[in-house]
Amino acid sequence: EVLEGQEKALEAEIAARVVNTAELQLALTIKGIGIITATTILLEMGTVSRFATKENLTGYAGLVPALDSSDGEEKTTRLRRRCNHHLRWAAVEAARHCIQNEPAMRARYLKLLHCPEEMATKSRKGKAVVAVARHLLEVIWCMLTRNEPYRGSQASDVEKKFEAVAKKAKDYDLPEPKALFQGVSNT
């Protein structure tokens with residue numbers, strides 16, 4: 001119960017600190033992306049102007065397969081090892097939730113499976129989720145560079161997400177955020 005209360009307190013503190021950022025409010029217009037995941041993606045990404053193209057962002061996140069060229073032949077292999085692992089993790093987690101909540105992402109996922117979901121192997125499902133994560137980062141890049149919300153979203157969706165965090169935080173007798181870290185040494 002103590003850990004759960006601390007988790008809710010930290011989530012409320014993060015929400016309180018990042019509410020006023022335009023980037024976060026744009027990212028939250030996508031159904032399935034919550035405050036923590038959106039914050040993680042945006043903080044790990046930094047400013048969107050760092051990436052000239054959306055392909056640069058997906059490469060930085062390691063969501064693009066590496067190329068193996070040998071004897072004049074090129075083939076794609078596993079995902080890149082050298083990448084921002086936190087950004088990759090957050091993008092994949094966001095993709096999993098978007099597949100459940102956003103119809104366009106769900107349709108893309110089912111198309112990438114190339115078979116009915118019930119018949120898909122675990123490996124095929126994983127590859128489809130990674131492809132949706134890559135697409136999701138491309139969408140976020142486009143939204144941030146154009147300063148546009150996700151198509152089909154409503155402004156009330158973002159407000160509902162912040163209200164849900166505030167409601168969860170009120171259910172617990174939460175200490176002040178600074179009090180959570182008292183007694184924790186830097187050693």
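Angles of 65 to 115 degrees between helix axes count as roughly perpendicular. That cut-off serves two of the views below. The model shown is predicted.

**Figure 1. Helix H5 crosses helix H7 at roughly 100°.** The two axes come within 8 Å. H5 and H7 are therefore roughly perpendicular to each other, as the angle falls between 65 and 115 degrees. From H5, the contact takes in Leu87, Ala91, Val92, Ala94, Ala95, Arg96, Cys98 and Ile99. H7 meets them with Val129, Val132, Ala133, Leu136 and Leu137. By class, twelve of these residues are nonpolar and one is charged. No polar residue takes part in the contact of H5 with H7.

**Figure 2. Helix H5 also meets helix H6, at roughly 105°.** H5 spans residues 85–101, and H6 spans residues 103–113. Their axes come within 6 Å. This angle makes H5 roughly perpendicular to H6. H5 contributes Cys98, Ile99 and Asn101 to the contact. H6 contributes Pro103, Met105, Arg106 and Tyr109. The residues of this contact divide into five nonpolar, one polar and one charged. Cys98 takes part in the contact with H6 and in the contact with H7.

**Figure 3. Two cysteines are buried, and the structure holds zero disulfides.** Cysteine 98 has 0% relative accessibility. It counts as buried because the cut-off is under 20%. Cysteine 142 counts as buried as well, at 15%. A search of the whole structure finds zero disulfides. Which residue in the loop between H2 and H3 touches Cys98? Isoleucine 33 does, and the next view turns to that residue.

**Figure 4. Isoleucine 33 is a buried loop residue between helices H2 and H3.** H2 covers residues 22–27. The relative accessibility of isoleucine 33 is 2%, so the residue counts as buried. Its contacts, leaving aside neighbours within four places in sequence, are Ala27, Leu28, Ala38, Ala94, Cys98, Leu136, Ile140 and Lys161. Among them, Ala94 and Cys98 of H5 also meet H7, as does Leu136 of H7 in return. Isoleucine 33 and alanine 90 are 57 residues apart in sequence. In space they are 9.8 Å apart, C-alpha to C-alpha.

**Figure 5. Threonine 37 of helix H3 touches two alanines, Ala90 and Ala94.** Those contacts leave out residues up to four places away in sequence. H3 spans residues 35–45. Is threonine 37 buried or exposed? At 17% relative accessibility, threonine 37 counts as buried. Other buried residues of H3 include Ile35, Ala38, Thr39, Ile41, Leu42 and Met45. Just after H3, glycine 46 takes a positive phi of about 75°.

**Figure 6. Tyrosine 150 is buried in the loop between H7 and H8.** Its relative accessible area is 12%. Which residues does tyrosine 150 contact, leaving aside neighbours within four places in sequence? They are Thr29, Ile30, Glu102, Ala104, Met105, Val139 and Met143. One of them, Met105 of H6, also takes part in the contact with H5. Tyrosine 150 and lysine 31 are 119 residues apart in sequence. Their C-alpha atoms are 8.9 Å apart in space.

**Figure 7. Histidine 114 and asparagine 147 have positive phi angles.** Neither residue is a glycine. Histidine 114 has a phi of about 60°. It lies in the loop between H6 and helix H7, residues 122–146. With a relative accessible area of 66%, histidine 114 is exposed. Asparagine 147 also has a phi of about 60°. Its place is in the loop between H7 and helix H8, residues 155–170. Asparagine 147 is exposed too, with a relative accessible area of 55%. Tyrosine 150 belongs to that H7–H8 loop as well, but it is buried.

**Figure 8. The close-ups belong to a protein with nine helices and two strands.** From the N terminus on, the elements run α-α-α-α-β-β-α-α-α-α-α. Of the 187 residues, 36% count as buried. Among contacts with a separation of 6 or more, 64% come from residues 24 or more positions apart. The accessible surface comes to about 12,300 Å². Carbon and sulfur atoms account for 51% of that surface.

Methods:
Residues are numbered from 1 along each chain as its sequence is written. This is a predicted model: local features need pLDDT of at least 70, side-chain atom pairs count only at pLDDT 80 or more; totals for chains, interfaces and linings use all residues. Side-chain values use heavy atoms; hydrogens and water are left out. A disulfide is a pair of cysteine sulfur atoms within 2.5 Å. Buried means under 20% relative accessible area, exposed over 50%, partly exposed in between (1.4 Å probe, protein chains only). Helices (H or I, at least four residues) and strands (E, at least two) are DSSP runs, numbered from the N terminus. Contact means heavy atoms within 4.5 Å. Accessible areas come from the Shrake-Rupley method with a 1.4 Å probe; for residues, only the protein chains shown count as cover. Axes are lines fitted to C-alpha atoms, for helices over the stretch in contact, and angles run from 0 to 180 degrees between N-to-C directions. Angles under 35 degrees count as roughly parallel, over 145 as roughly antiparallel, 65 to 115 as roughly perpendicular and the rest as oblique. Ala, Val, Leu, Ile, Met, Phe, Trp, Tyr, Cys and Pro count as nonpolar, Asp, Glu, Lys and Arg as charged, and the others, Gly among them, as polar.
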